[in-house]
Every structure is written in C-alpha cells, then in structure tokens.
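Trainee: Could you pick one loop and take me through it closely? After that, I'd like to see what else is worth a look in the same structure.

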Amino acid sequence: MAHRLINDNQTRGVAIQDWTVLSHKTSILNSQEIDTASADLGIPIPEMIFGNNFLSIEHKTSGFKLEFKALPALAMVDQSSTSSDLIKVSYAREWFEKRSMANQEHITDVVKPYDWTYSTKYKGTNVSNNNNNNNKDHPLDFVSTTEESIDIEQLKRPDPILFYDENILFEDELADNGTAVLSTKVRVMPSCLFILLRFFLRVDDVLFRIYDTRIYHRFGTKTVIRECSARESSYLDTRARIPRSRGDDLSLLLDSNWVSSQLPDQESHVEVLHLE
Amino acid sequence: MVLDLDACIESLFRRQLLAESVIKEICEKTKELLMSESNVVHIKAPVTVVGDIHGLYLTRGDYVDRGLYSVETISILTCLKLRYPDRVQLVRGNHESRAVTSTYGFYTECMKKYGTTDVWHYFTDLFDYLTLSVVIDNMIFCVHGGLSPSIHTIDQIKVIDRFKEIPHEGPMADLVWSDPDPGREEFAVSPRGAGYTFGSMVVEKFLHENRMDHILRAHQLCMEGFQVLFDDQLSTVWSAPNYCYRCGNLASILEIGVEGERHFNVFEAAPENERPSPAEAQRTLFSNGVPTGLFNNGNGGAGVGNGGGGVNGSNGAMTFAGGASGSNGGVDPVQYTILYFL
C-alpha cells in the first residue's frame, strides 16, 4: 500500500490512503507563553510543558480530525475546592506536624487548590470539519458502543511499521515526589493505525495511576474506535511485584509499560466514530 | 600512592571513569575539606554561577550523551573542589540526596558502571557535607531552591545541622526545594501537602533584614535559561540546555563582576548534543532494561549535578555545555517491544 513519509523539520508523519498522521515536536513554552497558559488555565503549569507539540490524525474525505495537545489536557485537571485533598505526598502528615512544632501555623495561605498530580482524562480534541460530512444528522463524533472493540490480535502481528512516533506533551516530577507524564505513541502499519495516549502518574510511596486512551482504525473500514481505561494501585502493592532478583533496583517503577502490566483493570469504555 | 588530582581531572575530561578506590579517597578528602566549611560560605566577586546541570556533559567529548554521565559529573566536580577549594563552591541541591538519587537513576548508573553500590554510597555520604548557601560580597545570597519561613537571618542558616540526609521538612528542606511565586507576597503551602512557595514581600524582607540586594537560585527549568523576578531582586539560573534532549531550552551561567553587575551568559546545546543517535538510544534503552523509551534513565541521569553551584574563579576555566538527562523514543526498527506497543 502506497504511503508517503513526512519529515519537515519539527513535524514528522505519514500520509497513507486518505489519512494523514502528524507529530509535531518543538521546545517547551517560553515564560510569556507559560504566563498566558497559566492565567487561562488557572493552575501552575507542569515543569516541562510542550504546549506547542501535537499529534494529529486526519481523514481527508470525511473531514474527521483528532488532535492531542497538552493545554486542552491540562484544562481537564480538577480545580474544585477539594481537588488537592485527594492525594498528598507520603510525608504530608509528618510535614504538617513538625510545622506546628516550629510555630508556622500562621502560614495558612495555601496555593489555590488544584489536582497537583495533573491527572487528566483527556482523550483528544475533536477538531473535525463537519462541512465535508454529507450526513448532517450524524456529526463526526464518538458514541459509546458495546459492539466494537480494538482488534488486539491484529496489533500483535509483527506487520511492518511504516511510521512510529512518541511525543511527550507534558511532564512534571512533582517536586521529587514522583512523575506525571502525558504522552502519545503512534504506529502506522499497512493495514491499520494505532495510537496510545497515556497519562502516567507515580506518587512515591503513595500510588500509581494510568489513564490510557487508545485509537484504532483499520484502513478500508468506516469506523474509528476509541477505548479509554483508568487504572490505579497503591505504590506498595506495585512495588511488591518487582521480581526479587532485582534487589533494591526500583527502575521498573519508572517504566510505565511494566507498571501498566501490573495494574488491575478498573474501568474501560469503548466508543466508535463513523466516518460517514 | 599519592593522589594526583590533575591527572584525575584530565582523565575525567577524556570521559574515563576513576577507579573505585580513587573515588573513595577523593570523597574522604573532600568530606574533610567540607566539614570545616560553614553552612554559609562567603566569597568575593568575580564569580561565575552555574545552575542545574543534570547529567553534565563536558564539552571535551564530542559524541552524544544521554545524560548517563552523572558519575563523571560529580567525579569531576569533586576533584575540582578538592583541587581548588577556595575557588570552587558546591551548593547542595535537592538531588544531592540518597532518597532522590535512588529513585531517579544515579544509583542505577553507579551499579551499571562499577558493578557495586559502593560508589553511590561514597558520593551520597559526601553530599551530606555540601554547604547550603553562598554569599557573594555580602550582597548576593545564593541557594539552590529558595527561602524558608524558619529563616529570617543568615545566622539562622549557620546553625542548621546540615551533615545529614536532606529532611522532608524544616529549614534545610525549604532551602533546597522552595520556589518563588511571583503572584504572591507571602509564603504559601503547596497543594501537595508539603513545601512552600515564597512571594515578593518575603524576598523584600529577607534582603532588607540581611542588608543584601539579590537572591540567586537554581532549581527551575525555564526556556530562556534564566529568569529574573520580583523587581530584579531574585534570579533563577538554569544551566542544562535542551534538557532531556527535547525541551529545546536555552541555558545560562551567570557572571558576577566586582561591582556586583550581573551578566547572563546564555548558550544552547552543542549541535552534536542535540539528540542521541538511534544506536545510542537503543543502547541506553536496552542496557537499562527499560524498553519503553519513555523513562529510560531519563530523569535518572538527573540524579546528580543539579547543585546550584557557585563556581568562584576569575578565569572562566569551566566550560559546561549541555547535557541533560535524556529520554525520548529512540526509533529503530529492531526495537520490537517499543514499536509494537499495545
């Protein structure tokens, strides 16, 4: 099947059939962009913010286009009044107790609450152009389904990979208390394309959390499938699964693939989008 | 055998590791030296100030670095400190701790390079001796993170018992971790449940109380390589260009002249340092046993070398370029486990 690779400085991608997949990577936002984004979003921005990076897939005939970007993902971070009460760093209690002993209770000002773990159930931004869409009753949108699912068996086949890319959208080390990363991976094969958008969270001595969004399209079909899952487990339970042979080496805990293989399933939701 | 520091430094610049026994000796000697240093080291300008280096890449080498050089970085800084004790000052940063380096990769790197954890123990024991702050000409206060609500005067820093692992709370923790918040005036508690941010009035009061005019700190990545806040009363210096091989940020080192004038020397990553070759990436990916490309040794390399170090010397003998810890999906057709993600 004919395909054309795109390699334009900061943008790499592939054009195949009616589809274009693009991954754009550039530097982190500058201070001015950070100030603007922070004011817009109302929360402090992660340490490494690739606000201009994106992954996009576009289907020319239907006008379907889905983008993955950092700022819309951060806009979904919880900012409710209780948002920062849910998870605290492991030593928070100790910190507060010692602090009272040091007579610093007068500092009552707390940075405006927000979910400092940057947990986001972002599943992409649908920027489809419905003008191309002949069927006005059915805008190009994902709807829940129980009938379709991603063909994992097909994805397990070692078919040639025409295009592969990984793009990190944001990353924060949570002041040495762990990691929060939102990243995309894409692979395009002669028969299908597959995207994994992953939010990976590790809060040391507290928990692991993975929110995955998978996008699958088999070329020649009229559907795009999106599957979202949310999983988490305690840090200690996950750590206990490291093979004993590795001794004190904790590096597996930095590997989201390994952690992912250890987390129990929590919920999974499948949606389908009809291209016409 | 007599320790030949010049030979050690030279071999480190050639990227050759020092023998474990040599590291042990150097660490022991440096500890003795640091033991007599105050928590606040007073020095005179001219001074060159270097911020976070994170897996420093020394310009003498010309091949690609994946931030795997934390051992070399801290080795060379230790040798330089020992060789020029009054001209090189190393300030402790939040990564100079056992807890942080055991998660973020310095531990793993030591294991990989020396086959034992001894070297990691030598260095992390040494970290307990690093000073907490530097004052330049009684005017500029240098620290890694920022201010603490428990500290109003320089004398209060002098009485901290610093010879220990960085605690989670208290003035020592605040000095290496706290961040400025330009949108505030006072201290505020982080939503994480530990740690402070400090605002403009805090800076103003601290400087006034101690009759100083500027605070210099590191600790925060910024695209421009430096950031000046609070009406020119505080600067952040960041010295790792193109952090993690993908941030695309500039870096700077700050030169302070005899009149206290500040000049940020801004630089970008050397071209050969922009991105590891697929072969190098692959080597890293697999040798680290983390076949994801996402976190391989990434923040790992950052284990050491983020000490906001004041390098005191009239000649700019130290040339640092680049080299953050790296991680990005090295793309190679044979990396089956990476490419065939599910």
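Mentor: Let's start with P46(B), which sits in the loop between β1 (40-43) and β2 (47-50) of chain B. Keep in mind that we're looking at a predicted model. What is the peptide bond from A45(B) to P46(B), cis or trans? It's cis, with omega near 0 degrees. That deserves a second look, because most peptide bonds are trans.

While we're on backbone oddities, two other loops of chain B are worth a stop. D137(B) is in the loop between β3 (133-136) and β4 (140-143) of chain B, and D137(B) has a positive phi of about 50 degrees without being a glycine. N242(B) does something similar: its phi is positive, about 45 degrees, and again it's not a glycine. You'll find N242(B) in the loop between β10 (234-237) and β11 (251-256) of chain B. So which of these is buried? Using the cut-off of 20 or more other C-beta atoms within 10 Å, N242(B) is buried because it has 23 of them. D137(B) has 16 C-beta neighbours inside 10 Å, so it counts as partly exposed.

Next, helix α6 (residues 118-127) of chain B. Of its 10 residues, 7 are buried, so the rest of the structure largely encloses this helix. The buried ones are V119(B), W120(B), Y122(B), F123(B), T124(B), L126(B) and F127(B). What do they pack against? Their partners are α2 (20-35), α3 (70-83), α4 and α5 (106-114) of chain B.

There's also a stretch in chain B with a database label. UniProt lists residues 91-96 of chain B for "domain: Serine/threonine specific protein phosphatases", and the entry is unreviewed. An annotation of this sort may be inferred rather than shown by experiment. In the model, that segment of chain B is 0% helix and 0% strand, with its end C-alpha atoms 10 Å apart.

Now for an open sheet in chain B: 3 strands, in the order β5-β7-β6, with mixed pairing. β5 (179-180) and β6 (188-189) of chain B stand at the edges with a single partner strand each, so one side of each has no neighbour in the sheet. β6(B) pairs with β7 (residues 196-198) of chain B in the antiparallel sense, over 2 bridges. If you want to find that pairing on screen, look for V189(B), whose bridge partner in β7(B) is Y196(B).

β6(B) comes up again at the contact between the chains, which takes 46 residues from chain B and 52 residues from chain A. On the side of chain B that touches chain A, the elements giving two or more residues are α4 (98-104) and β6 of chain B. α4(B) gives the most, with 3 residues. By type, this side of chain B divides into 20 nonpolar, 21 polar and 5 charged residues.

Over in chain A, there are 6 helices and 14 strands. Its C-alpha atoms fill a box of roughly 70 × 50 × 40 Å along the principal axes. Of the 276 residues of chain A, 38% count as buried. Among the contacts in chain A with a separation of 6 or more, 69% come from residues 24 or more positions apart.

For a strand to zoom in on, try β6 (residues 64-68) of chain A. Side chains in a regular strand alternate between the two faces of the sheet. Here the covered face holds F64(A), L66(A) and F68(A), while K65(A) and E67(A) make up the uncovered one. β5 (residues 54-59) of chain A pairs with β6(A) in the antiparallel sense over 5 bridges, and in that pairing E58(A) stands opposite K65(A). These two strands form a hairpin with 4 residues between them, and G63(A) in the turn has a positive phi of about 90 degrees. β6(A) also pairs with β7 (residues 125-126) of chain A, antiparallel over 2 bridges, where L66(A) stands opposite N126(A).

One last item is the largest nonpolar core, which has 144 residues. The residues with the most contacts inside it are A70(A), V49(B) and C142(B). β11 (residues 192-203) of chain A gives the most to this core, with 8 residues.

Definitions and conventions
Residues numbered from 1 in each chain as written. Chains lettered and ligands numbered in written order. Predicted model: local features only at pLDDT ≥ 70, side-chain atom pairs only at ≥ 80, totals over all residues. Buried ≥ 20, exposed ≤ 12 C-beta atoms within 10 Å, placed from the backbone. Contact = placed C-beta atoms within 7 Å. Pairing = 2+ DSSP bridges. Core = buried A, V, L, I, M, F, W, Y, C linked by C-beta atoms within 7 Å. Nonpolar A, V, L, I, M, F, W, Y, C, P; charged D, E, K, R; others polar.
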